[in-house]
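Visitor: Got a minute to go through this one with me? I'd like to start with the empty space inside and then move on to the packing.

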Amino acid sequence: MTATAKVRYSSLAALLPAAAIILLLALKVFANQLYSTSIGRFPAMMVEVMRSRTLLYFWSPSGYYEDLFNSNRTSREQILFGSTTFVRDAFRLRRLRPNLTNVTDWKATDTPVNQFGYIGPDWSITKPLDTRRVAVLGDSVPEGYGVNMNQGFVYLLANRLNEAPASQPSPQFEVLNFSVSGYELTQMMDVAARDTPQFHPDVYMVILTELSVHRGWDSHLVYLIKSGIDLRYDFLRDVVRRADARQTDSEAVLSAKLAPYRMEIIRKSLLEMKQTADQHGAQFIIVLAPTLEDADIARRRFAGIPELLSSMNVGFIDLSDIFMPMLDRESVRQSRTDVHPNIAGHRMICDALFAQLHANHDLWTQLTGVASSRFPDASPSQ
């Protein structure tokens, strides 16, 4: 290569990073316009992912939830049991400490825990007359992590259900929130089997996020096996036996052994919960609720779950794509490094859930016990 060519090559090489930066800046400026087109959606998402700080803090393929709860045994022990918010539980590992005035560990300043160890004021064991009770089971998203109790979508949904005009008689609704931050499906199943029935709910509503169905879905089961804790449910014991999962295995090996049984465990856990509802004459509804992950990560993590629910003949609402029209989701999540919805995000979830329930005659009747025409339309909450 001649000296002149080397100079030209060096100049070109020096210009490439600058050109790349200019191109990325231009893409950022026009990102929203690009995102609205089919050909520009992918590059727009990539630009948004690159500018996000989430990847700096939670860079592994597992994602936000799994890095938060499963970084290593020591930190997990601290998260599970080192907080004044939780007490130990034999199968669920942890549960909320009863009679807390405020759940200050999670930044909420007006979030009490009742005497039964669940978010909200105390409930009566006996269901009041002319009242329809809805038991909500889930993790930190329906629990309302990071917002006050009256700002979460579960609380907002209860308000919407009680907005029927006085001229159109309808039951009073009580929505009992059995959600606990970090709970996986097997823990929710235990809540549904052992705690929920005593309150005589008319509806069991299970809120599934990515934590319940994607990577990290088995963390609870892995911990039970490693700790030698009884699995309590026959189908879990059977899966562990067939997977040849042993207490002496490492956590990585246990996850690998359990991976082929993911869909089976999800299916049987949900069927166990549905059977509990059926035995007590209650309806059973599932909701897929996303977090505010970048790009389309949340939606992709639900892959195969709608098809699984359809094959089970279970009524469900799929909200996994409600944030997809938004490229920049900073305005509806807790922070740039926390993908939980903020107040605005919870309002969006409530509005979408109420609208889809209202539009589905069968699910609406299961939820409310009356026809949708007796309720106000699905206009956005204020």
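Visitor: What's the volume of the second largest cavity?

Guide: About 80 Å³. Keep in mind that this is a predicted model.

Visitor: And how many cavities does a search of the whole structure find?

Guide: Four, counting those of 30 Å³ or more.

Visitor: Back to the second largest one. Which residues line it?

Guide: Going along the chain, you have Glu184, Leu185 and Thr186, then Ser212, Trp217, Asp218 and Leu221, and finally Ile265, Ile266 and Ser269.

Visitor: How do those divide into nonpolar, polar and charged?

Guide: Five are nonpolar, three are polar and two are charged.

Visitor: Which helix gives the most to that lining?

Guide: That's α14, with three residues. Both α14 (262-279) and α9 (185-194) supply at least two residues each.

Visitor: OK, on to packing. How many residues are in the largest nonpolar core?

Guide: There are 58. The ones with the most contacts inside that core are Phe178, Val206, Leu236, Leu270, Met273 and Ile286. As a general point, nonpolar side chains tend to be buried together in soluble globular proteins.

Visitor: Where's the rest, in a separate core?

Guide: A second core, separate from that one, has 33 residues, including Val141, Leu156, Ile317 and Leu357.

Visitor: Let's pick on Met273. What does it touch?

Guide: Leaving out residues up to four places away in sequence, Met273 touches Leu137, Leu185, Met188, Met189, Ala192, Val206 and Phe284. Leu185 is also one of the residues lining the second largest cavity.

Visitor: Changing topic: how many aromatic pairs does the structure hold?

Guide: Nine.

Visitor: Why is the pair of Phe116 and Phe199 called what it is?

Guide: The ring planes of Phe116 and Phe199 sit at 85 degrees, with centres 4.9 Å apart, so the pair is edge-to-face. The two are 83 residues apart: Phe116 is in the loop between β2 (93-96) and β3 (131-137), while Phe199 is in the loop between α9 and β5 (203-208).

Visitor: Is Phe199 buried or exposed?

Guide: Buried, with a relative accessible area of 1%.

Visitor: And what about Tyr118 and Phe178?

Guide: That pair is edge-to-face, at 4.9 Å centre to centre and 65 degrees between the planes. Tyr118 is in the loop between β2 and β3, and Phe178 is in the loop between β4 (172-177) and α9, 60 residues apart. Both Tyr118 and Phe178 are buried.

Visitor: Which residues do ring pairs link into a cluster?

Guide: Phe116, Tyr118, Trp123, Phe178 and Phe199.

Key. Residues numbered from 1 in each chain as written. Predicted model: local features only at pLDDT ≥ 70, side-chain atom pairs only at ≥ 80, totals over all residues. Heavy atoms only, no water. 1 Å grid on protein atoms, 1.4 Å probe; cavity = no way out; pocket = protein on both sides within 12 Å on 5 of 7 lines; lining within 4 Å. Points joined across faces, edges and corners; volume = space filled by probe spheres on them. Helix = DSSP H or I, 4+ residues; strand = E, 2+ residues; numbered from the N terminus. Nonpolar A, V, L, I, M, F, W, Y, C, P; charged D, E, K, R; others polar. Core = buried A, V, L, I, M, F, W, Y, C linked by side-chain atoms within 4.5 Å. Buried < 20%, exposed > 50% of the residue type's maximum accessible area, 1.4 Å probe, protein only. Contact = heavy atoms within 4.5 Å. Phe/Tyr/Trp six-rings, centres within 6.5 Å; stacked < 30°, edge-to-face > 60°.
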